[in-house]
Amino acid sequence: MKRIRGLPVFLAVVTLVLAGCGNPKGADKADPVPVSKEIRPVTSLSDTPSHPESPPEGPDTSVIEALASSVLKLEVYNDRDSKIATGTGFVFGDPTMLITSAHVIVNMERIAVTKDNGDTFEISDGAVYLDKDRDIAMFRLPEGMDIPAVEPAEAVPKRGTPVFTIGSQAGLTNLVTTGIISGTWEDNGTDYLIFTAPVSGGNSGGPIFDSGGKLVGVVIGTYEKAQNLNIGLCAQELPETE
């Protein structure tokens, strides 16, 4: 895995709707208010193949169930104890480390965390790592948490690779969506994924897995003016946590 390097602010051309921070006071609603951000055009899409006529083979349900225990719903509260965002996080690398999107935890005072089995706990300490350019934040879990860490894929997935997400869209916990990798691109030394598994408010910061259950990326947003083209940071860009 690479250690995080600095990344300049994205150039403005294509609008990106962040899939999690855009639902202040509406984290439990099906229609979150979008928050826009802009990124450079993805020229590699021009040679991206069309979707296959039949859906790609999806993950085994036992794989999904095993991974769900590593994925957490995050409800973010400000200093007035008002809920301002809902997102997703997951345990990666060091089993005491939680990863999510930086835009999910803007103006946080505390995070109410819900595990897949319904158990809850809180995080009130600030992020131990924050990279706003790559949209990644890391938190230390409270002591005594028995949450397994997910494992990264060995390489960036190729176009057409089946993938799935686990996330807390619409305020629900650990919903699953499936799709494929449509393409990848590199911007200033950082690798990103374009994928078709549907995401919406509450998905930000959640994991993207291949069908074998290996982490290939982190959900950071979706294209506003494209049909079901979503954006993830490649897993290889995550910082080392051990």
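The paragraphs below walk through the fold, the nonpolar cores, the aromatic pairs and the salt bridges of this chain.

The structure is a predicted model. Its secondary structure consists of 1 helix and 15 strands. The chain has 242 residues, and 53% of them are buried. Among the contacts in the chain with a separation of 6 or more, 66% join residues that are 24 or more positions apart. The accessible surface amounts to about 11,000 Å², with carbon and sulfur atoms contributing 50% of that area.

A good place to start is the interior. In soluble globular proteins, nonpolar side chains tend to be buried together. Here the largest nonpolar core contains 25 residues, and Phe90, Leu215 and Leu238 have the most contacts inside it. Several elements each supply at least two residues of this core: helix H1 (61-68) and the strands E5 (97-100), E9, E10, E12 (190-195), E14 and E15 (230-234). Strand E14 gives the most, with 4 residues. For Leu215, leaving aside neighbours within four places in sequence, the contacts include Phe90, Phe92, Val150, Pro207, Phe209 and Leu238. Glu151 is also among the residues that Leu215 touches, and Glu151 returns below as a partner in a salt bridge. Apart from the largest core lies another one, of 19 residues, including Leu72, Ala85, Val104 and Met108.

Aromatic rings offer a second view of the packing. A pair of aromatic rings is described by the distance of the centres and the angle of the planes. The whole structure holds 3 aromatic pairs. In one of them, the ring centres of Phe90 and Phe92 are 6.4 Å apart and the planes stand at 75 degrees, so this pair is edge-to-face. Phe90 is buried, at 0% relative accessibility, and Phe92 is likewise buried, at 0%. Trp185 and Tyr192 form a stacked pair, with 5.0 Å from centre to centre and 20 degrees between the planes. Trp185 is buried at 8% relative accessibility, while Tyr192 is buried at 0%.

Attention now turns to the charged residues. Side chains of opposite charge can pair when their charged atoms come close. The count for this chain is 7 salt bridges. One of them joins Arg110 to Asp81, with the closest N and O atoms 2.8 Å apart. Arg110 lies in strand E6 (residues 110-114) and Asp81 in the loop between strands E3 (71-77) and E4 (83-91), so the bridge ties together parts that are 29 residues apart in sequence. Arg110 is buried, with a relative accessible area of 18%, whereas Asp81 is partly exposed at 47%. Asp81 and Arg110 also belong to a network of salt bridges that takes in Glu122. In addition, Arg110 lies over the face of Tyr77, at 4.1 Å from the ring centre.

Lys214 and Glu151 form another salt bridge, at 2.6 Å from N to O. This pair links distant parts of the chain, 63 residues apart: Lys214 sits in the loop between strands E13 (207-210) and E14 (215-223), and Glu151 in the loop between strands E9 (136-140) and E10 (162-167). Lys214 is partly exposed, at 32% relative accessibility, and Glu151 is partly exposed too, at 46%. A further salt bridge brings together the side chains of Asp131 and Arg134, at 3.7 Å. Asp131 is buried, at 8% relative accessibility, and Arg134 is buried at 1%.

Note on methods: Residues numbered from 1 in each chain as written. Predicted model: local features only at pLDDT ≥ 70, side-chain atom pairs only at ≥ 80, totals over all residues. Heavy atoms only, no water. Buried < 20%, exposed > 50% of the residue type's maximum accessible area, 1.4 Å probe, protein only. Contact = heavy atoms within 4.5 Å. Areas by Shrake-Rupley, 256 points an atom, 1.4 Å probe, with all protein chains shown as cover. Salt bridge = Lys/Arg side-chain N within 4 Å of Asp/Glu carboxyl O. Core = buried A, V, L, I, M, F, W, Y, C linked by side-chain atoms within 4.5 Å. Phe/Tyr/Trp six-rings, centres within 6.5 Å; stacked < 30°, edge-to-face > 60°. Lys NZ or Arg CZ within 6 Å of the ring centre and 35° of its normal.
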